[in-house]
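Please open the model in your viewer and keep the sequence panel beside it. The tour below moves from one selection to the next and says what is found at each.

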Amino acid sequence: MGWRDHHRKSDFPPPKRMTSMPDIHSNDAVMPRPLQASRPKASLYGTVRVPGDKSISHRALMLGALAIGRTEITGLLEGEDVLATAAAMRAVGADIARQADGSWVVHGVGIGGLSEPEGVLDLGNSGTSARLLLGILASHPITAFVTGDGSLRRRPMSRVIEPLSRFGARFVSREGGRLPLAVSGAADSIPVEYTLPVPSAQVKSAVLLAGLNTPGETAVIEPQTTRDHTERMLRHFGATLRIEAVPSGGKRIIVVGQPELVAAPIAVPADISSAAFPLVAGLIVPGSQVTVRGVGLNPSRIGLIDSLREMGADIAYLNERVEGGEPVADLRVRGSELRGADIPPERAPSMIDEYPVLAVAAACARGRTVMRGLAELRVKESDRLTGTAEGLVRCGAAVNVEGDDLIVEGSGTPPQGGVTIATRLDHRMAMAFLVLGLASREPIQVDDARPIATSFPDFEPLMRSLGATFVGA
Ligand code: S3P
């Protein structure tokens with residue numbers, strides 16, 4: 001892709017104000033909500049707390065629903081994706097309620113105790129909800145119908161249908177293993193050993209969760225490490241899990257089936273994937289100082305921090321501690337002169353959701369940044385490899401995609417901007433380009449800010465509290 005061919009100077013009218021907040025779940029039918037970001041007059045400054053970790057929040061509700069007893073969850077992300085998981089787990093019999101103090105309480109039904117849902121389970125925009133739930137349903141002898149929004153209906157489910165069928169579950173899906181689909185879980189499920197063909201924590205988790213209501217031992221071989229929140233939380237609830245090194249590389253994760261999961265309290269740390277946006281904003285807006293409190297720093301999630309540090313970012317870990325079994329710290333960034341870096345493919349699983357905003361940082365850096373091995377980015381909420389490259393080119397950055405690698409040639413000054421970016425029902429694309437709009441020479445508008453509510457409902461006020469200039473909400 002030649003970047004100069006696509007560069008447009010300024011192509012949007014001022015954003016229109018909307019009077020009411022539309023429902024994202026019916027977003028195929030209602031109006032999009034454009035939002036524009038522009039360079040603030042002053043640097044960004046302040047201390048914030050971003051919402052709870054999305055991956056951990058989903059798992060807390062799901063495992064709480066499969067445990068016996070009362071699980072209290074503090075810091076749960078109340079974004080649309082996690083609320084979709086809560087609704088689905090209620091529909092299969094769990095009692096889930098938000099308390100007046102903001103904590104959530106789950107009364108589980110126990111492994112094997114799920115009931116057949118009466119209606120269709122609509123997981124909205126959330127791939128994690130859909131794939132992990134299918135894992136749970138695969139070994140319960142009930143039938144369920146699962147769907148999602150326009151983005152989720154385009155995403156591949158065959159990656160979980162294939163291993164879950166080996167347990168004895170039956171699926172009827174649309175062409176290419178897409179939603180909507182029907183699943184009939186196995187009455188007498190058979191344990192499985194499965195080697196992950198793609199580095200996906202969702203697929204790993206789906207298989208481990210199916211293994212819970214399966215007699216014997218279920219094993220997943222993971223050639224490349226992916227986030228291990230499922231493994232940590234299974235142990236937290238009392239399941240027996242063994243992790244062995246595999247001689248050819250990677251590890252074998254074995255779950256012993258039909259344990260009694262015992263309810264246990266969960267404190268959800270702040271999501272590093274959400275913290276990424278104010279942190280990169282603080283790095284690329286000169287003179288800024290931004291602190292994000294209580295960020296989860298699970299080693300399988302911190303590729304962004306390693307990469308930004310290699311690019312010369314001033315990032316400090318303050319007040320390091322362990323909370324709810326996960327390492328946590330306050331992260332402080334200061335505006336930095338970034339330089340290009342070579343980001344190796346083996347780092348991709350530890351920062352898979354952070355590439356759009358890393359590419360934004362790279363577009364403001366001096367020199368070439370190569371982000372290698374990004375095939376999985378093509379099957380996220382949108383094709384983020386193409387979308388990030390095309391969006392940056394529209395903003396005036398020099399960007400190429402070569403195979404599965406994303407290459408950004410930074411000039412040392414932020415790109416021009418002055419364009420509208422199509423976010424294609426993808427929250428992280430929307431937030432990444434709004435962050436770029438805080439540094440680009442002209443404002444950047446995203447065509448639809450509504451998807452941000454899936455993972456980071458307070459993104460706009462939180463960024464404004466740091467000094468960000470957004471118009472159009
Ligand atoms: C997630 C795993 C990742 C990530 C997603 C959350 C999880 O997806 O992109 O946002 O909670 O397990 P993949 O498993 O498709 O890599």
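Begin with helix α5, residues 158-165, in this predicted model, and colour its buried residues, which are Arg-159, Val-160, Ile-161, Pro-163 and Leu-164. Extending the selection to what these residues pack against brings in α4 (127-138), β8 (170-174), β9 (178-184), β10 and α6 (201-212).

From α5, go to one of those partners, strand β10 (residues 193-195), and select Glu-193, which has its place there. Glu-193 and Pro-163 of the helix are 30 residues apart in sequence, yet their C-alpha atoms are 9.0 Å apart in space. Showing the surroundings of Glu-193, and leaving aside neighbours within four places in sequence, you will find contacts with Arg-166, Ala-219, Ile-221 and Arg-252. With Arg-252 the side chain of Glu-193 also makes a polar contact of 3.3 Å. Is Glu-193 buried or exposed? Its relative accessible area is 46%, so Glu-193 counts as partly exposed, since that class lies between the limits of 20% and 50%.

Next, select strand β9 and look at Pro-180, which lies in it. The peptide bond that joins Leu-179 and Pro-180 is cis, with omega at about -5 degrees. This deserves a pause, because most peptide bonds are trans.

Now move to helix α6, another element against which the buried residues of α5 pack, and display the side chains of Lys-204 and Glu-231, which meet in a salt bridge of 2.8 Å, N to O. Glu-231 lies in helix α7 (residues 229-236) and Lys-204 in α6, so the pair ties together parts that are 27 residues apart in sequence. Both ends of this bridge are under the 20% limit for burial: Glu-231 has a relative accessible area of 3%, and Lys-204 has one of 0%.

At this point, zoom out and colour by domain. The domain assignment gives domain 1 as 35-51 + 269-472 and domain 2 as 54-266, and the C-alpha centres of the two lie 29 Å apart. Their contact takes 26 residues from domain 1 and 25 residues from domain 2, and between them the domains bury about 2,100 Å², of which 47% is on carbon and sulfur atoms. Across this interface there are three salt bridges and 13 residue pairs in polar contact. On the side of domain 1 that touches domain 2, the elements that give two or more residues are β17 (326-334) and α12 (427-437), and the residues of that side divide into eleven nonpolar, six polar and nine charged.

Staying with the charged groups, select Glu-381 and Arg-155, whose side chains meet in a salt bridge of 3.8 Å, N to O. Which residues belong to the network of salt bridges around this pair? The linked residues are Arg-155, Arg-227, Asp-353, Glu-381, Arg-384, Asp-426 and Arg-428. Within the network, follow Arg-428 to Asp-353, where the closest N and O atoms of their salt bridge are 3.9 Å apart. This pair links distant parts of the chain, with Arg-428 in helix α12 and Asp-353 in the loop between β18 (342-343) and α10 (355-364), 75 residues apart. Arg-428 and Asp-353 are both buried.

Then select Ser-382, found in the loop between β19 (366-371) and α11 (384-394). Ser-382 is buried, with a relative accessible area of 10%, and beyond residues up to four places away in sequence it touches Leu-377, Arg-424, Asp-426 and Met-429.

One of these neighbours, Arg-424, is the following stop, in the loop between β22 (419-421) and α12. Arg-424 is partly exposed, with a relative accessible area of 47%, and has a positive phi of about 50 degrees although it is not a glycine. A similar search leads to Asn-319 in strand β16 (residues 314-323), another non-glycine residue with a positive phi, here about 55 degrees. Such sites are worth a look in the viewer, because most residues other than glycine have a negative phi.

Finish at Asp-448 and Arg-450, which form a salt bridge whose closest N and O atoms are 2.6 Å apart; both of these residues are buried. This bridge belongs to a count that comes to 32 salt bridges.

Technical notes
Residues are numbered from 1 along each chain as its sequence is written. This is a predicted model: local features need pLDDT of at least 70, side-chain atom pairs count only at pLDDT 80 or more; totals for chains, interfaces and linings use all residues. Side-chain values use heavy atoms; hydrogens and water are left out. Domain bounds come from an automatic or database domain assignment. Contact means heavy atoms within 4.5 Å. Buried area is the accessible area (1.4 Å probe) that two parts lose on being put together, summed over both. A salt bridge is a side-chain nitrogen of Lys or Arg within 4 Å of a carboxyl oxygen of Asp or Glu. A polar contact is a pair of N or O atoms within 3.5 Å; within protein, one must be able to donate a hydrogen and the other to accept it, and residues adjacent in sequence count only if both atoms are side-chain atoms. Helices (H or I, at least four residues) and strands (E, at least two) are DSSP runs, numbered from the N terminus. Ala, Val, Leu, Ile, Met, Phe, Trp, Tyr, Cys and Pro count as nonpolar, Asp, Glu, Lys and Arg as charged, and the others, Gly among them, as polar. Buried means under 20% relative accessible area, exposed over 50%, partly exposed in between (1.4 Å probe, protein chains only).
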